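User: I am new to reading protein structures. Please take a close look at one part for me, the charged pairs, and then show me how the rest fits around them.

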Amino acid sequence: MTINRREFIEGAALVAGSVAVTGAPAHPADTAELPTTQMLVTAIVNGQPRTIAVEARTTLLDALREQLHLTGTKKACDRGECGACTVLVEGRRVLSCMSLAVMQEGKRITTIEGLEREGKLHPLQAAFIEYDGFQCGFCTSGQIMSGVAMIEEARAGWPSAATPDVTKSFTLADLSPREIRERMSGNLCRCACYPNIVAAVNAVAKEV
Ligand code: FES
Ligand code: FES
């Protein structure tokens, strides 16, 4: 039996719609109903299991925004240059425009929507407000996700290109504004809020 283009698209949309919000692990029968160009992926997104049907070429960024409607993660350059799309995968910062959705099977993904706890902002979200770390806000979710992971990297003792002596173990006390600028250099801000972003990250890093 041949199907025309309209029937194919309607079928694909139906399958995607039926699995996108189930939260249940994929059942083999679901896979059998998929168009051959799609596959099911289940990841833990902001603490909830989410199953979506994606094409092999679908980026994590597009899957988050278009299928899971988590639009806090921003698409700016869409080619790995600006950091606006930064999310956490297994606690590490990742450019979601440079990562494929099919690579995320079983992974823990955190987006800006998943940072607050019981209605309370993450300390770095609160610090961005307190220190005026944004103007238009388009880069802000990426900056905050990057900052959250960056503080953990520093806490774990990772040195950076700005670390004067990499033979000594790095501690959070060594996280100077210069270190923060270097470690956040993958996140661009066209509004040039850099001094305030560094101040916000610095304040939270000193608290933890
Ligand atoms: Fe991903 Fe710019 S949108 S790095
Ligand atoms: Fe506008 Fe950063 S606040 S791009």
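Analyst: The structure holds 8 salt bridges. This is a predicted model, and every value here is computed from it. Side chains of opposite charge can pair when their charged atoms come close.

Take Glu55 and Arg57. Their side chains form a salt bridge, with N and O 2.7 Å apart. Are these two residues buried or exposed? Glu55 is partly exposed, because its relative accessible area is 23% and the cut-off for buried is under 20%. Arg57 counts as exposed, because its relative accessibility is 66%. Glu55 is also the last residue of strand 2, which covers 48-55.

Now go to Glu179 and Arg183. A salt bridge joins their side chains as well, at 2.8 Å from N to O. Why can they reach each other along the chain? They are 4 residues apart in helix 6, so about one helical turn separates them. Both Glu179 and Arg183 are buried. Elsewhere, salt bridges with shared partners link Asp62, Lys75 and Asp78 into one network.

Look at one link in that network. Asp78 pairs with Lys75, and their closest N and O atoms are 3.8 Å apart. Asp78 is partly exposed, because its relative accessible area is 33%. Lys75 is partly exposed too, because its value is 32%.

Asp62 leads us to helix 3, which runs over residues 60-67. Its buried residues are Leu60, Leu61, Ala63 and Leu64. What covers them? The cover includes strand 1 (38-45), strand 2 (48-55), strand 3 (86-89) and strand 5 (108-110). Just after helix 3 comes His69, with a positive phi of about 60°.

Next, a polar pair. Ser146 sits in helix 5. Ser146 counts as buried, because its relative accessibility is 1%. Its side chain makes a polar contact with the side chain of Asn187, at 2.8 Å. Set aside neighbours within four places in sequence, and Ser146 touches Thr86, Arg93, Met184 and Asn187. Thr86 belongs to strand 3 (86-89).

Helix 5 also meets helix 7. The buried residues of helix 7 pack against helix 4, helix 5 and helix 6 (177-183). Helix 6 is where Glu179 and Arg183 sit. Which residues of helix 7 are buried? They are Ile197, Val198, Ala200, Val201, Ala203, Val204 and Ala205. Helix 7 has 14 residues, numbered 194-207. From its first C-alpha to its last it reaches 20 Å, close to the 20 Å expected at 1.5 Å a residue.

Now the surface. Leu121, Ile129 and Phe134 make a nonpolar patch of about 270 Å². Phe134 lies in the loop between helix 4 (123-130) and helix 5 (140-155). Phe134 counts as partly exposed, because its relative accessibility is 31%. The accessible surface of the whole protein comes to about 11500 Å², and carbon and sulfur atoms supply 55% of that.

Finally, step back. The protein has 7 helices and 5 strands. Along the sequence they follow the pattern α-α-β-β-α-β-β-β-α-α-α-α. Of its 208 residues, 41% are buried. Take the contacts with a separation of 6 or more: 56% of them join residues 24 or more positions apart.

Conventions: Residues numbered from 1 in each chain as written. Chains lettered and ligands numbered in written order. Predicted model: local features only at pLDDT ≥ 70, side-chain atom pairs only at ≥ 80, totals over all residues. Heavy atoms only, no water. Helix = DSSP H or I, 4+ residues; strand = E, 2+ residues; numbered from the N terminus. Buried < 20%, exposed > 50% of the residue type's maximum accessible area, 1.4 Å probe, protein only. Contact = heavy atoms within 4.5 Å. Areas by Shrake-Rupley, 256 points an atom, 1.4 Å probe, with all protein chains shown as cover. Patch = residues over 30% accessible without salt bridge, like charges linked within 9 Å, V, L, I, M, F, W, Y side chains within 5 Å. Salt bridge = Lys/Arg side-chain N within 4 Å of Asp/Glu carboxyl O. Polar contact = N/O pair within 3.5 Å; in protein donor to acceptor, adjacent residues only side chain to side chain. Expected span 1.5 Å × (residues − 1).
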